[in-house]
Amino acid sequence: DRTVNRIQGDLRFEHRRLARLIDAIGESHSAEPRTAPSKPAAADPLSATSELSGRFAQGFEERFRGPREEIKRRLRVHLDRVTGQRVITAAQPLLDIGCGRGEWLELLAEHGLKATGVDLNPVQIEEARAAGLDVHQGDAIAWLGKAADASFSMITAHHLVEHLPFETVVWIAREALRVLAPGGILLFETPNPRNILVSTTGFHMDPTHIRPLPAEVLSTLFDTIGFFPVESRFLHPHEKLPVFLNEHRLDPELANLFFGPQDHAVLGTRPKVAE
């Protein structure tokens with residue numbers, strides 16, 4: 001089939017392009033392999049530690065993403081991977097980069113799981129500390145670069161990678177493979193551009209978003225770096241989706257395009273035996 005052959009050819013090309021990009025990033029940091037790449041100032045409008053930028057981020061998240069309890073409800077979908085596959089210990093805790101207000105850390109604490117978080121925003125870090133969470137104010141990427149080999153059982157980044165240049169996303173994933181213990185998991189959750197309302201409207205509500213990252217891009221990246229297995233999950237369909245499907249108001253394909261999963265997550269496991 002010509003269409004299948006074309007798609008396979010495109011995927012092979014993207015796989016080779018990613019491999020060259022990863023090699024180039026590795027060579028550029030060979031002298032200091034644990035130093036995070038520099039990021040253009042234009043890509044970091046929320047990296048400033050001023051009170052104003054912190055308040056803006058806090059207010060924006062509260063207004064457009066949702067209150068703490070709603071975010072915790074959405075994050076529960078990931079608990080099975082945390083509690084069911086690997087024991088998180090004080091020696092090898094979970095690291096949440098870009099932890100924000102700490103909803104994920106709070107949810108983990110409620111289940112007796114050891115986790116630590118890092119974020120630039122002083123306002124959100126203060127809120128997380130007030131909730132009794134183990135959080136640190138600082139550059140999450142620099143933090144990851146300084147972490148010891150095999151020091152974490154899981155690394156998570158919820159709605160972070162869409163704020164970063166793709167070269168930085170590649171670097172984070174590549175460095176995570178070193179920092180994770182064998183069998184550890186890297187999880188990126190990000191807006192789902194397959195949802196037309198997300199990709200054309202919702203994504204652009206946040207002025208710090210750079211570009212959407214489809215599941216195919218992130219899963220190919222994880223695979224190229226060496227994570228195995230790699231899993232994609234499509235999450236949080238709009239509450240109106242069952243109405244349109246059950247009452248036949250829209251063709252099912254159209255209903256899913258507009259009201260289907262609003263987020264997706266890609267999870268990759270560091271192999272227990274090096275390939």
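The following paragraphs lead from the overall make-up of the chain to its nonpolar cores and the strands and helices around them. The model is predicted.

The chain has 275 residues, of which 47% count as buried. Its secondary structure comprises 12 helices and 7 strands. Taking contacts between residues at least 6 apart in sequence, 77% of them join residues at least 24 apart. The area that the chain exposes is about 13700 Å², and carbon and sulfur atoms supply 55% of this area.

The interior may be approached through the largest nonpolar core, which has 32 residues. I155, V169, L186, F188 and L221 are the residues with the most contacts inside this core. Two or more residues each are given to the core by strand 1 (94–97), helix 7 (140–146), strand 4 (152–158), helix 8 (166–179), strand 5 (180–191) and helix 10 (215–225). Helix 8 provides the largest share, 8 residues. Apart from this core lies another, of 23 residues, which includes L75, L79, L107 and V135.

Strand 4 is a useful place from which to view the surrounding elements. In this strand, 7 of the 7 residues are buried, so strand 4 is largely enclosed by the rest of the structure. Strand 4 pairs with strand 1 in the parallel sense over 3 bridges, and L94 stands opposite M154 of strand 4. Strand 4 also pairs with strand 5, again in the parallel sense, over 6 bridges; here I155 stands opposite L186 of strand 5. Strand 4, helix 8 and strand 5 together form a β-α-β unit that is right-handed.

Which residues does L186 contact, leaving aside its neighbours within four places in sequence? The list consists of I155, A173, A176, L180, F222, F227, V266, L267 and G268. Among these, I155 is also the residue opposite L186 in the pairing of strands 4 and 5, and both I155 and L186 are among the residues with the most contacts inside the largest core.

Helix 10 remains to be described. This helix is mostly covered, with 8 of its 11 residues buried. The buried positions are A215, L218, S219, T220, L221, F222, T224 and I225. Of these, L221 is one of the residues with the most contacts inside the largest core, while F222 is in contact with L186. Just after helix 10, G226 takes a positive phi of about 130°.

Notes: Residues are numbered from 1 along each chain as its sequence is written. This is a predicted model: local features need pLDDT of at least 70, side-chain atom pairs count only at pLDDT 80 or more; totals for chains, interfaces and linings use all residues. Side-chain values use heavy atoms; hydrogens and water are left out. A nonpolar core is a set of buried Ala, Val, Leu, Ile, Met, Phe, Trp, Tyr and Cys residues joined through side-chain atoms within 4.5 Å. Buried means under 20% relative accessible area, exposed over 50%, partly exposed in between (1.4 Å probe, protein chains only). Helices (H or I, at least four residues) and strands (E, at least two) are DSSP runs, numbered from the N terminus. Contact means heavy atoms within 4.5 Å. Two strands pair if DSSP finds at least two bridges between them. A crossover is right-handed if, with the strands pointing away from the viewer, the path from the first strand over the helix to the second runs clockwise. Accessible areas come from the Shrake-Rupley method with a 1.4 Å probe; for residues, only the protein chains shown count as cover.
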